[in-house]
Amino acid sequence: MEEYRRIADLIARRITDGRLRPGDRLPPQRVLARRHRIADSTAIRVYGELARRGLVVGEVGRGTFVRAAPPPPGAALALAEASGDAPVDLQLNYPVAEGQSELMARALAALARADVLGGETSRPAAATGTPEARAAAARVLARPGWAPDPDRVLFAGNGRQAIAAALAALVPPGGALGVEALTYPLVKTVAERLGVRLVPIGLDGEGMRPDALAAAHRAGPLSAVYVQPTLHNPLSLTAGPGRRAELAEVLRESGLTAIEDTTWAFLVPDAPAPLAAYAPERVVLVDSLSKRLAPGLTVGHLVAPEGAEAPTVEDLARALRSGAWTAGGLALAAATRWAADGTVDALVAAKRADAAARHALVVRHLGAYRIRTSPHAYYCWWELPAPWRAETFVAAAAERGIALTPGPAFAVDGRGRGPVPGRGLARGAADAVRVGLASPPVQVLAGALARLAELVERGPDGEGLPHLF
């Protein structure tokens, strides 16, 4: 018998006799190789063989885990029948309103002329766009109690590029960026590529704690801070006016500049004014049209701080140009028309209603568990009951055709233990998942949530949970 199969059989027996239980993490491949005095390539084949047998699942950057119990007969078939044989994606989160394509097509039709396509729309737009585009964007970005100066609005290809440009303008390579201890995973990716070190800032029920931010800067110092005050992703938290004022005071006292991400804030009609209204000289606001419209037909926005201190409009424009992150001319022209003709307003209203309907489904199917969400949010943070772990539950859900995001993807400290509000801060990201609600049709979402509730009740060993909490 080949050596890799012999070792795979040994580990398989430990799994079947219960010495290794669902959710247990296997040693890294290099450790396995040393223990058994085999080559690293042989250790890779061992784990490949275990995965082929359906006994383990590998998570990139996290390790290899014993897989949960297989679904009972008929479970996968029932889900396939409900979803049209298509996987249910609860990872990506792109809302689509009924009639959206027809609304957006009207503006595109006016642009689909040879004389238009042969002009400025066929080339990359300037970082500052056009006066018409800046005025339209300022109207879209305005909130009760705050409206941006159109001359301080800049344009990126999408929201991710807007974040990247803001980071590049504010944080030098090797510098430190403060972020919520659980944060948008893209920020982690962008920071790594730019050589920026992330410093987790503690959270409570209103999001980032001002005292924790001040302490982190004293210990650092920080070059800037990234924050999501409205509908924090993944926790759905929204800071009240008092919290925003406290954060603004910390920014002023410390001389820090914040990157305020308001991408999801449009879903909350009565949200407090953005942090940019409380500290206009210390905040770069970033946003995009991807959630309001569609991810492939969008532009990103940056609003430069007021005053002469960095980053200025030119600083941010320079970062956009250096990263080739400016918007395309056609996308900017279309976005300007959609803002002017009422398309954006109509889709915002439709998506607010859609988010509320999907929230009701979450409450119906998962309301008995520790969930954190909002009637306005397109996502739900679910603290799983013991003995479930995030990686094991994600793997078990994937076997049933449902894709989820494990909690550690949002944790900044790399150990999956970012503090989570709720009943104290005892439960961490390693025991939680984010459920994205926006992408599947409503009926498919309802079926997927029902099956997730059934799955969590059976437990990782398939024998049922001894208790809920």
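Ala390, Glu391, Thr392, Phe393, Val394, Ala395, Ala396 and Ala397 are the buried residues of helix 16. That makes helix 16, which spans residues 390-399, a mostly covered element, with eight of its ten residues buried. Just past the end of helix 16 sits Gly401, with a positive phi of about 80 degrees. All of this is read from a predicted model.

A good place to go next is strand 9. Its residues split by direction: Ala224 and Tyr226 point one way, Val225 and Val227 point the other way, and all are buried. Strand 9 has a parallel partner in strand 5 (residues 176-180), and three bridges hold that pairing. Within it, Val179 has Tyr226 of strand 9 as its bridge partner. Strand 9 also runs parallel to strand 10 (residues 258-261), again joined by three bridges. Here Val225 is matched with Ala258 of strand 10.

Following the chain on from strand 9 (224-227) leads into the loop that ends at helix 11 (241-254), and His232 lies in that loop. Is His232 buried or exposed? His232 counts as buried because its relative accessibility is 0%, and the cut-off for buried is under 20%. Apart from neighbours within four places in sequence, His232 is in contact with Glu180, Leu182, Leu237 and Tyr379. Among these, Glu180 belongs to strand 5 (residues 176-180).

Turning to the nonpolar interior, the largest core holds 60 residues, and the members that touch the most others are Leu213, Leu251 and Leu275. Besides this one there is a second, separate core of 33 residues, which includes Ala156, Ala165, Val179 and Val196. Val179 is thus named both in this second core and as the bridge partner of Tyr226. As for Leu251, once neighbours within four places in sequence are set aside, its contacts are Leu213, Val225, Leu256, Ala258, Leu275, Ala279, Arg282 and Val283. That list takes in Val225 and Ala258, the pair that bridges strands 9 and 10.

How many cavities of 30 Å³ or more does the model have? The count comes to two. The largest cavity has about 60 Å³ of space, and its lining is made up of Ala133, Ala136, Ala137, Val140, Phe155, Leu289, Val299, His301, Leu332, Ala335, Thr336 and Ala339. Helix 7 (131-141) and helix 14 (329-340) are the elements that give two or more residues to this lining. By class, the lining of the largest cavity comes out as ten nonpolar residues and two polar ones, with no charged residues.

The second largest cavity also has about 60 Å³ of space. Its lining consists of Arg143, Pro144, Thr230, Thr262, Ala265, Val268, Pro269, Ala271, Pro272 and Pro274. These residues divide into seven nonpolar, two polar and one charged.

Finally, there is a residue out at the surface. Ala109 is found in helix 5 (residues 100-111). Ala109 is classed as exposed because its relative accessible area is 51%, and exposed means over 50%. In sequence, Ala109 and Ala334 are 225 residues apart, while in space their C-alpha atoms are 9.7 Å apart.

Technical notes
Residues numbered from 1 in each chain as written. Predicted model: local features only at pLDDT ≥ 70, side-chain atom pairs only at ≥ 80, totals over all residues. Heavy atoms only, no water. Helix = DSSP H or I, 4+ residues; strand = E, 2+ residues; numbered from the N terminus. Buried < 20%, exposed > 50% of the residue type's maximum accessible area, 1.4 Å probe, protein only. Core = buried A, V, L, I, M, F, W, Y, C linked by side-chain atoms within 4.5 Å. Contact = heavy atoms within 4.5 Å. 1 Å grid on protein atoms, 1.4 Å probe; cavity = no way out; pocket = protein on both sides within 12 Å on 5 of 7 lines; lining within 4 Å. Points joined across faces, edges and corners; volume = space filled by probe spheres on them. Nonpolar A, V, L, I, M, F, W, Y, C, P; charged D, E, K, R; others polar. Pairing = 2+ DSSP bridges.
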